[in-house]
Amino acid sequence: MTQLIGWKRKFVLIFKSEKRLGAKQIFSNFTAKTYEQMKHTLITEEDVDLTILSDKVRIKDLSGHLNKLKKEFIGQSELNFYHATLIVLLRRGYKPLDVFAEFEKLWESEYEYLLSNLTVRWIVSACDTFIDHSLNPIRPAILLNVVTLVNTL
């Protein structure tokens with residue numbers, strides 16, 4: 001994706017939130033790949049811009065935030081990072097119906113892989129995401145127990 005700079009960026013931000021700028025391209029880049037392709041693609045240091053400031057600095061723009069987050073996934077499959085990207089997109093309010101449908105599809109088809117490869121942090125985030133977006137009233141009720149138990153421990 002080409003980064004907008006200067007007056008062009010300011011003009012676009014009049015109509016779009018910086019929190020979601022570029023989300024369409026990011027989402028479509030991932031959905032163009034299969035889950036199998038993402039499983040077999042590892043994230044390396046070359047994929048991450050390591051010149052990012054401290055981990056304590058909060059980044060508003062989406063691509064900068066995802067790049068910073070990608071550091072956490074070095075050595076892991078792209079599917080794990082895709083899972084995190086979907087959560088970020090949902091939390092930033094980018095097309096929640098479409099993104100959550102893809103999130104559900106990912107969990108329905110790859111739950112064994114995700115449970116064995118994601119850290120507890122991302123499993124709890126997935127539970128929170130299901131609690132926030134699921135239309136099935138039983139799912140949030142059950143998953144709220146998981147989140148409460150893990151956070152209590």
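Q: Which residues are linked with Lys 39 in a network of salt bridges?
A: In this predicted model, the network joins Lys 39 with Glu 36 and Glu 110.

Q: How far apart are the closest N and O atoms of Glu 110 and Lys 39?
A: The closest N and O atoms of that salt bridge are 2.7 Å apart. The pair connects distant parts of the chain, with Glu 110 in helix H6 (residues 96-117) and Lys 39 in helix H3 (residues 35-39). In sequence, the two are 71 residues apart.

Q: And are Glu 110 and Lys 39 buried or exposed?
A: Both Glu 110 and Lys 39 are buried.

Q: How many salt bridges are there in the whole structure?
A: A search of the whole structure gives six salt bridges.

Q: OK, what about Glu 104, which residue does its side chain meet in a salt bridge?
A: The partner of Glu 104 is Arg 139, with an N to O distance of 2.7 Å. This bridge also links distant parts of the chain: Glu 104 belongs to helix H6, while Arg 139 belongs to helix H8 (residues 138-152). The separation in sequence is 35 residues.

Q: Why does Glu 104 count as partly exposed?
A: Glu 104 counts as partly exposed because its relative accessibility is 23%, and the partly exposed class lies between 20% and 50%. Arg 139 is partly exposed as well, with a relative accessible area of 25%.

Q: Where do Lys 105 and Glu 102 lie?
A: Both lie in helix H6, three residues apart, which is about one turn of the helix. Their side chains meet in a salt bridge, at 3.7 Å from N to O.

Q: Why is Glu 102 counted as buried?
A: Glu 102 has a relative accessibility of 10%, so it counts as buried, the cut-off being under 20%. Lys 105, at 46% relative accessibility, counts as partly exposed.

Q: Changing topic: how many helices and strands does the protein chain have?
A: The protein chain has eight helices and zero strands. Read from the N terminus, the order of elements is α-α-α-α-α-α-α-α.

Q: What share of the residues is buried?
A: Of the 153 residues in the protein chain, 37% are buried.

Q: And what area does the chain expose?
A: The protein chain exposes about 9600 Å², and carbon and sulfur atoms supply 58% of that area.

Q: Last one: what share of the contacts joins residues at least 24 apart?
A: The share is 63%, taken among contacts in the protein chain between residues at least 6 apart in sequence.

Terms used
Residues are numbered from 1 along each chain as its sequence is written. This is a predicted model: local features need pLDDT of at least 70, side-chain atom pairs count only at pLDDT 80 or more; totals for chains, interfaces and linings use all residues. Side-chain values use heavy atoms; hydrogens and water are left out. Helices (H or I, at least four residues) and strands (E, at least two) are DSSP runs, numbered from the N terminus. Buried means under 20% relative accessible area, exposed over 50%, partly exposed in between (1.4 Å probe, protein chains only). Contact means heavy atoms within 4.5 Å. Accessible areas come from the Shrake-Rupley method with a 1.4 Å probe; for residues, only the protein chains shown count as cover. A salt bridge is a side-chain nitrogen of Lys or Arg within 4 Å of a carboxyl oxygen of Asp or Glu.
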